Amino acid sequence: MAGFNKMGVILLAASLGFMFLKLCSATRYYDFVLKETNFTRLCSTKSILTVNGSFPGPTIKVHKGQTIYVNVHNQGLYGVTIHWHGVKQPRNPWSDGPENITQCPIQPGSSFTYEVVFSNEEGTLWWHAHSDWTRATVHGAIVILPAAGTKYPFAAPHAQHPIILGSWFKSDVMEVINSALATGADPNISDAFTINGQPGDLYSCSKASTYRLKVDYGKTYMLRIINAVMNEEQFFAIANHTLTVVTQDAAYIKPITTSYIMITPGQTMDVLVTANQPRSHYYMASSAYADGIVPFNNSTTTAILQYRGNYSTPSTIPLPNLPIYNDTTAADSFTALVKSLASKAHPISVPTKITTRIYMTIAINERICPNASCAGPDNNYIAASLNNISFETPSIDILQAYYGGINGVFEGNFPSKPPHFYNFTGDYDNSTIYPTFGAKVKFIKYGEGVEIIFQGTNLIAPENHPMHLHGFSFYVIGTGYGNFNATESPKTYNLVDPPEVNTVGVPKNGWTTIRFLADNPGVWFMHCHLERHSSWGMDTVIIVRNGNTTKSKLRPPPAHMPPCSKS
């Protein structure tokens, strides 16, 4: 009988293991319904675009290497697309999502199914709308668990919770950006920051709905932190608690023990927190890091880390000591600590043979306004550029035009260097204030080792720029202040354990060098993740040509893509 029981236990364990493997390998399906929903924040109610009526939207959970299908039904008022931020989508830009780059918008009353292909990502990413400013309310977390049979490179946490930092506008966000583009002015700043959709105790009419994260003493929790804020980089901390950062942009890093983090729009970080303080309430808080001269939201959003158990509710909840808004030393000190884990189980592969090198300036510019009647600098429109080219989004998506050989949609002459060289971070040259405009793309051969040197400039309003590249993760091998020096700057490169990310902050009046292998054929958007900068034209497109094998060629399009007949 004992032997029979032992055999039964073995068979049960085997059966459960098989079921786990099947679960991890199974294709998952999600339904996203885009619709207007009323939400009350900051003492007033307004209608916002949501997915499934929630803000933030639903969390997607997958295991590493899975493929999911998301059917998006648009019951909203205007065309929208969805982007799976940080998901590389091997050979499948058809489901990447940026409007009129890889698809035209999903029009009201219609649907489109995204095939989201995960590969080597592991950690936290996120999804968001990629049409105008709709991502302000249309976004959510993507949780990528280890593949079956593998585990975290650290002790598994007791529980995991997405922490999404967001922006709240009392006005309609589409009116905010449309008005700014029409007048040439800087868009109005947000009225609040949020944590998981709630502004927190420090804002009017918000205390009752403050997000609370309940914890047990002695347990360790993973906070999957996402910066979905529209136009500000953020500091984040928890009062009296130490943070241990273990991933950034769904790639493992050497653990960082810190009292705060600095996270740019678009970035994600997994943070371990042990509930080891006296049972009570503690604020988690987030406020802006802003190193420029432009207006920004200088308020603080809060949530409450609330211990379970019997104790008296504190009359005063402690706040963390966040760095002051312009503390560049604090921002740089944290960022400098981020290094790839680079272990045997999680190796990295930094390209050392560089065959394509791009020197790319980042700038705020002006666009001539008729009769000098606009609200931007010098009574012009505000514009933005990369290599002095301000991107203009075409009416037909670039992927369709590239794949179908449609002429006149884009030009393939994005330059590998700026048109004028000057003291980029000093006194600027008037010839670069006014950029050229167009949909210019950069072609790269499959298999090229690519190095891009982002160079900040002092034009109009210099600040930190979080640059995001679709379709790839890249290695951040160097960064510094001032103008990049081709002789001296490469001596500082880290080719041993540079962080592997999809979004990087290029310092104000400084430079950052990234590298990646062009092994993902297709059309891939690159842009600043400060939303106003992208709206002004701080964007471009990289097209990686097909290789010589089936596995190195762009997949054919799905049977149905949203038509481009409407705007």
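**View 1. Phe236 and its neighbours in the predicted model.** Let's start with Phe236, which touches Ile163, Leu165, Ile225, Leu243, Tyr260, Ile261, Met284, Ala285, Ser286 and Leu322, leaving aside residues up to four places away in sequence. Keep in mind while you look around that this model is predicted. Phe236 also turns up in the largest nonpolar core, a group of 50 residues. It is listed there with Ile163, Ile225, Ile261, Met284 and Phe334 as the residues with the most contacts inside that core. Which strand gives the most to this core? That's β18, covering residues 281–289, with five residues.

**View 2. A second nonpolar core.** Move on to a separate core, this one made of 32 residues. Among its members are Ile364, Leu469, Val504 and Leu530.

**View 3. An open sheet of four strands.** Here four strands line up in the order β2-β1-β4-β6, with mixed pairing. Which strands sit at the edges? They are β2 (44–51) and β6, and each of them pairs on one side only. On average, neighbouring strands in this sheet are turned by 25 degrees against each other, ignoring direction. In general, the strands of a sheet pair through backbone hydrogen bonds, either parallel or antiparallel. Look at β4 and β6 for an antiparallel case: seven bridges join the two. To pick out a single bridge, find Tyr69, whose partner in β6 is Glu115.

**View 4. Lys64 and Glu122, a salt bridge from loop to loop.** Lys64 and Glu122 form a salt bridge, and their closest N and O atoms are 3.6 Å apart. Why does this pair tie together separate parts of the chain? Lys64 lies in the loop between β3 (60–63) and β4 (67–74), while Glu122 lies in the loop between β6 (111–117) and β7 (123–129), so the pair links parts that are 58 residues apart in sequence. As for their surroundings, Lys64 is partly exposed at 30% relative accessibility, whereas Glu122 is buried at 5%.

**View 5. Arg357 and Glu451, a salt bridge from strand to strand.** In this salt bridge, the closest N and O atoms of Arg357 and Glu451 are 2.8 Å apart. Arg357 belongs to strand β20 (residues 356–367) and Glu451 to strand β25 (residues 449–456), so the pair ties together parts that are 94 residues apart in sequence. Arg357 is partly exposed, with a relative accessible area of 46%. Glu451, on the other hand, counts as buried at 2% relative accessibility.

**View 6. Lys491 and Glu488, plus a small network.** Lys491 pairs up with Glu488 in a salt bridge, with 3.3 Å between the closest N and O atoms. Are these two buried or exposed? Lys491 is exposed, at 60% relative accessibility, and Glu488 is partly exposed, with a relative accessible area of 43%. Elsewhere, salt bridges with shared partners join Asp186, Glu463 and Arg532 into one network. How many salt bridges does the structure hold? The count is 14.

**View 7. Thr432, a buried loop residue.** Last stop: Thr432, found in the loop between α4 (398–404) and β23 (436–438). Thr432 has a relative accessibility of 3%; anything under 20% counts as buried, so Thr432 is a buried residue. Which residues does Thr432 touch? Not counting residues up to four places away in sequence, they are Asn365, Asn388, His420, Tyr422 and Leu459.

Key. Residues are numbered from 1 along each chain as its sequence is written. This is a predicted model: local features need pLDDT of at least 70, side-chain atom pairs count only at pLDDT 80 or more; totals for chains, interfaces and linings use all residues. Side-chain values use heavy atoms; hydrogens and water are left out. A salt bridge is a side-chain nitrogen of Lys or Arg within 4 Å of a carboxyl oxygen of Asp or Glu. Buried means under 20% relative accessible area, exposed over 50%, partly exposed in between (1.4 Å probe, protein chains only). Contact means heavy atoms within 4.5 Å. Two strands pair if DSSP finds at least two bridges between them. Axes are lines fitted to C-alpha atoms, for helices over the stretch in contact, and angles run from 0 to 180 degrees between N-to-C directions. A nonpolar core is a set of buried Ala, Val, Leu, Ile, Met, Phe, Trp, Tyr and Cys residues joined through side-chain atoms within 4.5 Å.
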